[in-house]
Amino acid sequence: MGADSFCMAEGYVKMYRSVLDWEWYSDEAATRLFIHLLLTVNYLPGRFRGEEVQPGSTITSLDNLAGELGWNRSKLRRTLDKLKATGEVTTKTTNHWTTVTLG
């Protein structure tokens with residue numbers, strides 16, 4: 001499988017209006033990061049460099065993710081920590097990449 005097998009390139013994401021009641025909705029950075037992850041996580045199982053990548057997960061680097069959002073690494077870490085603290089995302093980091101999974 002090629003690079004397209006581990007990232008979402010087409011389709012849509014259904015979002016309920018109740019997201020307006022989400023505790024992080026008024027936090028622009030947290031909302032933007034979460035929506036970015038919704039749009040970029042796998043929607044089908046895939047593989048990346050020998051690793052299984054399940055639906056709801058993406059393999060990236062913190063530098064790459066910060067760059068996609070136009071943020072510095074510090075802002076990304078702070079925002080990820082908020083989402084991790086409330087269970088919206090989990091991360092698993094190696095020396096080469098970070099797997100981000102929506103909770």
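# Strands, a helix and salt bridges in a predicted model

User: This is a predicted model, so let's start with the sheet. What is the order of its three strands?

Analyst: The sheet is an open one made of three strands, and the pairing is antiparallel. Strand 3 (57-60) and strand 4 (89-93) are the edge strands, each pairing on one side only. That fits the order 3-5-4.

User: By how many degrees are neighbouring strands of this sheet turned against each other on average?

Analyst: Strand 3 pairs with strand 5, and strand 4 is joined to strand 5 as well. Ignoring direction, the average turn between neighbouring strands of the sheet is 20 degrees.

User: Which helix packs on the sheet?

Analyst: The helix in question covers residues 28-40 and touches strand 3, strand 4 and strand 5. Its direction makes about 100 degrees with that of strand 5. The answer is helix 1.

User: How many bridges are there between strand 3 and strand 5?

Analyst: Strand 5 spans residues 98-102 and pairs with strand 3 in the antiparallel sense. Ile-59 stands opposite Thr-99, and Thr-60 stands opposite Thr-98. The bridges between strand 3 and strand 5 number four.

User: And how many bridges join strand 4 to strand 5?

Analyst: A hairpin joins strand 4 to strand 5 through four residues, and the two strands run antiparallel. Thr-91 stands opposite Val-100, while Thr-90 has Thr-101 as its bridge partner. The number of bridges is five.

User: Which residues make up the covered face of strand 5?

Analyst: In a regular strand the side chains alternate between the two faces of the sheet. In strand 5, Thr-99 and Thr-101 are on the uncovered face. The covered face holds Thr-98, Val-100 and Leu-102.

User: In strand 3, which residues point the other way from Ser-57 and Ile-59?

Analyst: Ser-57 and Ile-59 point one way from strand 3. Both these and the residues facing the other way are buried. The ones you're after are Thr-58 and Thr-60.

User: Is Thr-98 buried or exposed?

Analyst: Thr-98 sits in strand 5. Leaving aside neighbours within four places in sequence, its contacts include Thr-58, Ile-59, Leu-62 and Thr-91. Its relative accessibility is 4%, and the cut-off for buried is under 20%. So Thr-98 counts as buried.

User: What separates the C-alpha atoms of Thr-98 and Gly-11?

Analyst: Thr-98 and Gly-11 are 87 residues apart along the chain. Their C-alpha atoms are separated by 24 Å.

User: On to charges. How many salt bridges does the count come to?

Analyst: Side chains of opposite charge can pair when their charged atoms come close. Among the pairs here are Glu-52 with Arg-47, at 2.4 Å from N to O, and Asp-81 with Lys-84, where the closest N and O atoms are 3.9 Å apart. The count of salt bridges comes to four.

User: How many residues apart in sequence are the parts tied together by Asp-27 and Lys-82?

Analyst: The side chains of Asp-27 and Lys-82 meet in a salt bridge of 2.6 Å, N to O. Asp-27 lies in the segment before helix 1 and Lys-82 in helix 3 (residues 73-85), so the pair ties together parts that are 55 residues apart in sequence.

User: Which residue of that pair is buried?

Analyst: Lys-82 has 30% relative accessibility, so it counts as partly exposed. Its partner has a relative accessible area of 17%, below the 20% cut-off. The buried residue is therefore Asp-27.

User: Which helix holds both Asp-81 and Lys-84?

Analyst: Asp-81 is partly exposed at 44% relative accessibility, and Lys-84 is partly exposed with a relative accessible area of 35%. The two lie three residues apart, about one turn of the helix. Both are in helix 3.

User: Last one: which residues form the nonpolar patch on the surface?

Analyst: One member, Leu-39, is found in helix 1 and counts as partly exposed at 45% relative accessibility. Together the members of the patch have about 310 Å² of accessible area. They are Val-13, Met-15, Ile-35 and Leu-39.

Conventions
Residues numbered from 1 in each chain as written. Predicted model: local features only at pLDDT ≥ 70, side-chain atom pairs only at ≥ 80, totals over all residues. Heavy atoms only, no water. Pairing = 2+ DSSP bridges. Axes fitted to C-alpha atoms, helices over the stretch in contact; angles between N-to-C directions. Contact = heavy atoms within 4.5 Å. Patch = residues over 30% accessible without salt bridge, like charges linked within 9 Å, V, L, I, M, F, W, Y side chains within 5 Å. Areas by Shrake-Rupley, 256 points an atom, 1.4 Å probe, with all protein chains shown as cover. Buried < 20%, exposed > 50% of the residue type's maximum accessible area, 1.4 Å probe, protein only.
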